[in-house]
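Trainee: Got a minute? I'd like to walk through this one with you.
Mentor: Sure, pull it up.

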Amino acid sequence: MHIVLQLIPKKYLIGGTLILLGLSGLLIMSTIVAITGEFEKDSQQSEVTEIEGGGIGVGTANVSPEVMKYQPLLEKYAQKHGLDTSYVPIMMALMMQESGGRGNDPMQSSESYCGSVGCISSPELSVDKGVLHFKSVLEKAHYDLKLCLQSYNFGGGFINYVMKNGGKYTPELAISFSQLQYQKVKHTGNYHCVRPEMVPYSACYGDAKYVDAVLKYYTGTITADGKPAAPASGGSGGKSGVKVIDAGKTLIGKTRYVFGGGRSQSDINAGRFDCSSFVRWAFEQVGVNVGPMSGVTTDTLKTQGQAINPKDMKPGDVVFFDTYKIDGHVGIYVGNNQFLGCQGKTGVAIASMAKGTYFGERFNGRVKRF
């Protein structure tokens, strides 16, 4: 090799060396750009999707176990289709009205998907297309949630009808639309009043009381103007946020973590909690009901409240972590990258969620304000 190098003129050696150095520099620069781009892409993806409007405040779905099992799928496809997950409780209530969570098409989305009833035979496809249709109707209804719900039953023609008659859902418009449509189709003999009280009105097209039927399975706030409702007392991320933290701190050093604990008064008296039962207890102390003692889980907590962008977190907001499962741990944010929660080795304690820490690496960006 040494002999070969001696035979090569020095000017070529120098030139070749410079070319190699240049190529190496370009390779390093392209690698840095690629890595930076990936960091930026990951940062953008981690931000919580925010949709203007919505009409959703603090809410929970009061539904059957058959419907509850679809909650993860509803959240999955809400995220896939860019719909804020605060709409999941409403969609669960809608599913309860449509099917009670039974059958292969629990969201009854066949007709909107392919134009005929019965074309969907996969529950997951039903949820996928049902969420997509819900989002489409919500946008066309300009985030008038009640108009969205009634249109899910009547079809998109109801939105056009409302826009020509005041631009806002009312029960009276639902009845009059049902009357008009029934006059067009009653000769077929295929339409009959689903509600006896609608017979005198000849309002037998669809279900003119569909909004009320869905909302009986939903407990929460819906605004009149289609804007997100601020939780009572300014939400957990305000003065009441400090109160819930103060209430939770009273248990520091007095509890131990027991998976499934905190769901009976005897557990609470003995200081046995897990993460979700502790959060429920803390909010109960300041007059905020986030679910029954016996049934609270991280999965029930994450369906409640307003979705908050992590960059807008305030003390008292509820934060979620992916531990043994997605949203497997929950706590109450106290500020300065710390949260108050019931953890395995410490019981109720303040823990760090700063980058590089155990919980910092597992914080998934889900923040709720109750």
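Trainee: Let's start with one helix. Which residues of α14 are buried?
Mentor: Cys-275, Ser-276, Ser-277, Phe-278, Val-279, Arg-280, Trp-281, Ala-282 and Phe-283. Keep in mind this is a predicted model.

Trainee: And how many residues does α14 have?
Mentor: Eleven, spanning 275–285, and with nine of them buried the helix is mostly covered.

Trainee: What does α14 lie across?
Mentor: Four strands: β6, β7, β8 and β9. Its angle to β7 (329–335) is about 45°.

Trainee: Anything odd right after the helix? What does phi do at Gly-287?
Mentor: Gly-287 comes just after α14 and has a positive phi, about 85°.

Trainee: OK, switching to the sheet. What's the strand order?
Mentor: β5-β10-β6-β7-β8-β9, an open sheet of six strands with antiparallel pairing. β5 (306–307) and β9 (347–352) are the edge strands, each pairing on one side only.

Trainee: How does pairing work in general?
Mentor: Strands of a sheet pair through backbone hydrogen bonds, in parallel or antiparallel fashion.

Trainee: Then how many bridges join β6 to β10?
Mentor: Three, between residues 318–321 of β6 and 363–369 of β10, running antiparallel. One to look at is Val-319, whose bridge partner in β10 is Val-367.

Trainee: Zooming out, how many helices and strands does the protein chain have?
Mentor: It has 16 helices and ten strands. The chain has 370 residues, and 46% of them count as buried.

Trainee: What about the accessible surface?
Mentor: About 18,900 Å² for the protein chain, with 56% of that belonging to carbon and sulfur atoms.

Definitions and conventions. Residues are numbered from 1 along each chain as its sequence is written. This is a predicted model: local features need pLDDT of at least 70, side-chain atom pairs count only at pLDDT 80 or more; totals for chains, interfaces and linings use all residues. Side-chain values use heavy atoms; hydrogens and water are left out. Helices (H or I, at least four residues) and strands (E, at least two) are DSSP runs, numbered from the N terminus. Buried means under 20% relative accessible area, exposed over 50%, partly exposed in between (1.4 Å probe, protein chains only). Accessible areas come from the Shrake-Rupley method with a 1.4 Å probe; for residues, only the protein chains shown count as cover. Two strands pair if DSSP finds at least two bridges between them. Contact means heavy atoms within 4.5 Å. Axes are lines fitted to C-alpha atoms, for helices over the stretch in contact, and angles run from 0 to 180 degrees between N-to-C directions.
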